[in-house]
Each structure stands twice: as structure tokens, then as C-alpha cells.
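Biologist: Could you take me through this structure step by step, giving the reasoning behind each answer?

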Amino acid sequence: MDLHRSPVARAWRNWRRPADRTVPRGPLDAEDTSRRFLMYGVMPLWFVPSVADWIMHRRTRIEETSGVRESAVHALMMAEAGVPVAMGLLAKVNPLVLTVMGGAALAHGATALWDVNLATTEREVRPMEQHIHSFLEVLPLTALAFLACLHADQVRGTLRGDRGADDWKLLPKENPLPARYLAGIGLGLSVCVALPYAEEMTRCVKAARRRGTL
């Protein structure tokens, strides 16, 4: 089978359509309000606590304590959050996307518990950092809850195990989010999440090499 000619591949090649999804700013119905809060409330909430968590790690000198091991766990948690975020921003919400998001949220929670157990045995985890962790842990569930409310029909299909033609395919959104919004979210995630934790990993690797433990 030629994958380049498959319906899924054609859909992704042509996913950017002129009719971007519009989100009115005025007070309208509950659906528009929920979508606006998810896009401009929940999504940007990741930025500040992510930077604050990185600052906490620097203050407790993660590179000299739990080092590469804990930083690698942080990278894993970013992947567990990043994959469903990318799917939610770009892909059509269907049972496949909801299942991946639900599984990723559970995995993120379990990894967060592992992270705290690892950190508390190696370095000081202050109350402020614990509160930051709690905030970051609940955000994936919050985003999933709002998305489930906006796509109740797909939630029912997921729970019933529907086998429709497009239920278990990764397809682009029928009405893509505005390009400027996607660019803004991408920039925020790069500056406030990816770059700080890449710097943390680099710092931990350098410290481990100085000690001869890597």
C-alpha cells in the first residue's frame, strides 16, 4: 500500500484550509466560552509554573544532587504532556485522540509521583515547589475535561468503542485553529518549557561529566 496516497496522508497534506476556526470574543454560549477558556486560559497556564519549577530546580542545585536522572524524568513528563497537546491543537478530536490524551494524562500523573519520590531522596523539595508540581499535574486533566465537554459525542463513541471510518485515524482538524494562535502557543512552549529544561539537562550532564559519573 502506498502510504503517500492514503486518505490520512492526503488529509494531513491539505489540512490548512482557509476557514480557520473562529472564537468570538463576546459573551456567547457555553461552547464558545469553554473553547475560549481552553485556548486562552488553560493552555497559557503551563508557561509561568513551568519556568517557576525550573527556577526551583536551579535554587536546589539539581545538577549536584539528583542530576541527570531527575532531569530525564522531567523530559519524559514533557513528552507525556507535549504529545496530547500537539494532537489537541492540530488533530481532529475523535476516539483515537481522546484515548491517547487519557492515557497520557494517567502516565503523566504516575511519572509525576515517581519524580517527587526521586527528588525527595536526593535534594530539598520545598513547599513552594510542591505546590507548583500540584498545579502542573492538574493541568492535563483540566484540558482533557474541557475538551471532553466540547466533544461529548466523541467521548460517547470512545466509551462505546465505536468503529467508524475515521474514529481511529489521526486526521487534521476540519476547522484548523488560527495560524497566529498556533505560532504563539508554539513560541510560548519553546521559550517557557523546552528551552529551560534543555538548559537544565545540559547543566546536569556537564556536572556529571566533571564528577566522572557519566
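**Helix α3 and its surroundings**

Modeller: This is a predicted model, and helix α3 makes a good starting place. The buried residues of α3 are Phe47, Pro49, Ser50, Asp53, Trp54, Met56 and His57.

Biologist: How far apart are the end C-alpha atoms of helix α3?

Modeller: Helix α3 runs over residues 47-59 and so has 13 residues, which at 1.5 Å a residue should span 18 Å. The distance in the model agrees with that expectation, since the end C-alpha atoms are apart by 19 Å.

Biologist: Which helices are included in what covers the buried residues of α3?

Modeller: The cover is described for the residues of α3 that are buried, among them Trp54 and Met56. What covers them includes α4 (67-90), α6 (127-150) and α8 (179-211).

Biologist: Is His57 buried or exposed?

Modeller: His57 has its place in helix α3, and, leaving aside neighbours within four places in sequence, His57 is in contact with Ile62, Glu70, His74, Arg123, Glu129, His133, Tyr197 and Glu200. Buried means under 20% relative accessible area. Because the relative accessibility of His57 is 0%, this residue counts as buried.

Biologist: Which helix gives the most to the largest nonpolar core?

Modeller: In soluble globular proteins, nonpolar side chains tend to be buried together. Here the largest nonpolar core has 30 residues, of which Leu38, Met43, Trp46, Leu89, Leu177, Tyr181 and Ile185 touch the most other members. At least two residues of this core come from each of α2 (30-42), α3, α4, α5 (95-122), α6 and α8. The helix that gives the most, with seven residues, is α6.

Biologist: Which residues does Trp46 touch, not counting those up to four places away in sequence?

Modeller: Trp46 is one of the core residues that touch the most other members. Once residues up to four places away in sequence are not counted, Trp46 touches Val85, Leu136, Leu139 and Pro140.

Biologist: How many disulfides does a search of the whole structure find?

Modeller: A disulfide is a covalent bond between the sulfur atoms of two cysteines. Cys149 counts as exposed because its relative accessibility is 62%, whereas Cys204 is buried, with a relative accessible area of 0%. When the whole structure is searched, the number of disulfides found is zero.

Biologist: Which helix gives the most to the lining of the largest pocket?

Modeller: The largest pocket has a volume of about 620 Å³, and of the 32 residues that line this pocket, the closest to its centre are Gly88, Val93, Leu147, His151 and Lys173. At least two residues of the lining come from each of α2, α4, α5, α6 and α7 (152-160). The helix that gives the most, with six residues, is α4.

How values were computed:
Residues are numbered from 1 along each chain as its sequence is written. This is a predicted model: local features need pLDDT of at least 70, side-chain atom pairs count only at pLDDT 80 or more; totals for chains, interfaces and linings use all residues. Side-chain values use heavy atoms; hydrogens and water are left out. Helices (H or I, at least four residues) and strands (E, at least two) are DSSP runs, numbered from the N terminus. The expected span of a helix is 1.5 Å times one less than its number of residues. Buried means under 20% relative accessible area, exposed over 50%, partly exposed in between (1.4 Å probe, protein chains only). Contact means heavy atoms within 4.5 Å. A nonpolar core is a set of buried Ala, Val, Leu, Ile, Met, Phe, Trp, Tyr and Cys residues joined through side-chain atoms within 4.5 Å. A disulfide is a pair of cysteine sulfur atoms within 2.5 Å. On a 1 Å grid over the protein atoms alone, a cavity is a set of points where a 1.4 Å probe fits but cannot get out, and a pocket is an open set with protein on both sides within 12 Å along at least five of seven lines; lining residues have an atom within 4 Å of a point. Grid points are joined across faces, edges and corners, and a volume is the space filled by probe spheres set on the points.
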